[in-house]
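Work through these exercises with the structure in view. Try each task before reading its solution.

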Amino acid sequence: MSQDSATATEAARKLTGRRRREVVAVLLFSGGPIFESSIPLSVFGIDRQDAGVPRYRLLVCGGEDGPLRTTGGLELSTPYGLEAISRAGTVVVPAWRSITSPPPAEALEALRRAHEEGARIVGLCTGAFVLAAAGLLDGRPATTHWMYAPTLAKRYPSVHVDPRELFVDDGDVLTSAGTAAGIDLCLHIVRTDHGTEAAGALARRLVVPPRRSGGQERYLDRSLPEEIGSDPLAEVVAWALEHLHEQFDVETLAARAYMSRRTFDRRFRSLTGSAPLQWLITQRVLQAQRLLETSDYSVDEVAGRCGFRSPVALRGHFRRQLGSSPAAYRAAYRARRPQGGALESVTTVIETSAPVQGTASSRRAAAAASPGPTPVIAAAASGGAAEHLRPGPEAYVPGRPTLPGQRSAP
């Protein structure tokens with residue numbers, strides 16, 4: 001029995017009262033985005049038994065008084081209220097309307113009670129903020145949309161936020177990154193409950209990959225949370241971004257902030273959710289991406305212009321973050337340039353080796369054993385359709401997709 005299956009079985013034994021594993025409650029709030037809200041409704045609310053997908057029973061619950069207004073001014077009314085959550089073995093919060101406002105106390109209490117009674121609690125995208133507000137993520141690994149990950153880490157410091165992952169499975173509490181990653185997590189739940197064949201059949205019906213390779217690294221940009229704009233560290237961060245072509249380290253940044261290294265590390269992490277060294281390496285790799293896309297500099301020249309001490313250092317960090325060598329990335333990018341000459345970024349690059357799989361503990365051990373730091377806030381490549389590619393001797397060629405960027409429960 002796989003560890004995912006063992007986890008599901010153990011969780012099922014804990015269900016109490018009227019709760020049933022096959023009953024999925026989706027908790028909706030006013031102001032929620034319609035796309036994220038529709039994902040669990042489509043995955044768990046449609047009977048696809050003819051395609052070999054076991055049936056779930058869906059309960060759409062209002063987390064507050066209706067009608068609920070969603071994006072575009074649509075108004076929704078839900079057939080159930082919070083009381084229906086008492087029957088669910090899985091409770092999904094697809095999104096929350098604002099990362100700065102607290103969720104309703106009654107909804108938070110219903111989530112806590114469901115968790116205490118053995119229900120599996122799922123937060124898609126900004127739904128992680130609702131789970132965190134309920135205290136369900138304290139001391140746990142979690143993820144959310146990369147853009148909101150620093151805010152989640154700052155507001156709830158006891159949550160171990162990892163913005164690299166498409167989703168995190170910590171057993172009875174699961175979270176996902178933004179939008180499409182919600183589909184990845186819902187497919188993972190079906191896979192955990194009913195196996196790979198059922199999840200594959202559902203993925204074919206949805207016309208999506210059953211597993212996506214990589215994590216959120218390729219989508220991240222150099223943005224920092226808005227809160228840093230008024231912080232004294234903002235000037236130091238701005239200086240670092242303007243001087244990436246120079247060789248400096250975190251000690252230099254700490255000195256510019258008039259802080260000890262230890263204080264600077266703690267302060268920087270509280271603001272961004274990332275260690276300063278990891279952030280700095282990420283920015284250098286992102287700068288290298290841009291130069292590879294927009295210039296004819298050699299890889300050695302790109303390394304120097306991005307502050308790396310050697311081309312070897314650039315290649316190592318570039319491959320760890322994007323799964324490709326700089327030369328192969330440039331070749332793939334140029335192969336996909338529009339004929340009109342407009343620049344278009346490659347959103348997905350080669351996975352030269354399968355991402356670390358397995359449990360959270362095994363992935364952390366593998367990460368610790370790998371050379372060099374692993375980025376927490378990683379580089380972005382905007383635009384362009386995603387492709388699963390694999391390097392050949394001279395250029396990229398189509399290849400099989402690898403396993404997804406996910407963290408599973410121990």
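Helices and strands here are DSSP runs, numbered from the N terminus; a helix needs at least four residues and a strand at least two. The model is a predicted one.

**Exercise 1. Place Tyr258 and Cys125, and state for each whether the residue is buried or exposed.**

Solution.
- Step 1: Start with Tyr258. The loop between α9 (250-256) and α10 (261-272) holds Tyr258.
- Step 2: Check the backbone. Tyr258 is not a glycine, yet its phi is positive, about 60°.
- Step 3: Check the cover. Exposed means over 50% relative accessible area. Tyr258 has 78%, so Tyr258 is exposed.
- Step 4: Turn to Cys125. Its place is the loop between β6 (120-123) and α4.
- Step 5: Cys125 is not a glycine either, and has a positive phi of about 55°.
- Step 6: Buried means under 20%. The relative accessible area of Cys125 is 5%, so Cys125 is buried.

**Exercise 2. Find which residues touch the most other members of the largest nonpolar core, and which elements supply this core.**

Solution.
- Step 1: The largest nonpolar core has 35 residues. Leu27, Ile85, Val91, Leu111, Ile121 and Leu137 touch the most other members.
- Step 2: At least two core residues come from each of β1 (20-28), β2 (57-62), β5 (88-93), α3 (105-116), α4 (127-133) and α5 (149-155).
- Step 3: A separate core has 29 residues, including Ile39, Val53, Val92 and Phe167.
- Step 4: Take Leu111 as a case. Neighbours within four places in sequence aside, Leu111 contacts Leu27, Val91, Val93, Ile121, Val130 and Leu136.
- Step 5: Compare a general tendency. In soluble globular proteins, nonpolar side chains tend to be buried together.

**Exercise 3. Identify the residues that form a nonpolar patch on the surface with Ile34.**

Solution.
- Step 1: Ile34 belongs to helix α2 (residues 34-45).
- Step 2: Its relative accessible area is 35%, so Ile34 is partly exposed.
- Step 3: Phe35, Leu74 and Leu76 join Ile34 in the patch. Together the four have about 330 Å² of accessible area.

**Exercise 4. Decide where the model's coordinates should not be read in detail.**

Solution.
- Step 1: Take the mean. The protein has a mean pLDDT of 76, and 73% of its residues reach 70 or more.
- Step 2: Find the weak stretches. The pLDDT is below 50 over residues 1-13, a stretch with 16 contacts beyond near neighbours in sequence. Residues 339-406 also have pLDDT below 50, with 175 such contacts in the model.
- Step 3: Apply the rule. Where pLDDT is low, predicted coordinates should not be read in detail.

Notes:
Residues are numbered from 1 along each chain as its sequence is written. This is a predicted model: local features need pLDDT of at least 70, side-chain atom pairs count only at pLDDT 80 or more; totals for chains, interfaces and linings use all residues. Side-chain values use heavy atoms; hydrogens and water are left out. Patches are made of residues with over 30% relative accessible area and no salt bridge: like charges are joined within 9 Å, nonpolar side chains (Val, Leu, Ile, Met, Phe, Trp, Tyr) within 5 Å. Accessible areas come from the Shrake-Rupley method with a 1.4 Å probe; for residues, only the protein chains shown count as cover. A salt bridge is a side-chain nitrogen of Lys or Arg within 4 Å of a carboxyl oxygen of Asp or Glu. Buried means under 20% relative accessible area, exposed over 50%, partly exposed in between (1.4 Å probe, protein chains only). A nonpolar core is a set of buried Ala, Val, Leu, Ile, Met, Phe, Trp, Tyr and Cys residues joined through side-chain atoms within 4.5 Å. Contact means heavy atoms within 4.5 Å. pLDDT is the predictor's confidence in each residue, from 0 to 100.
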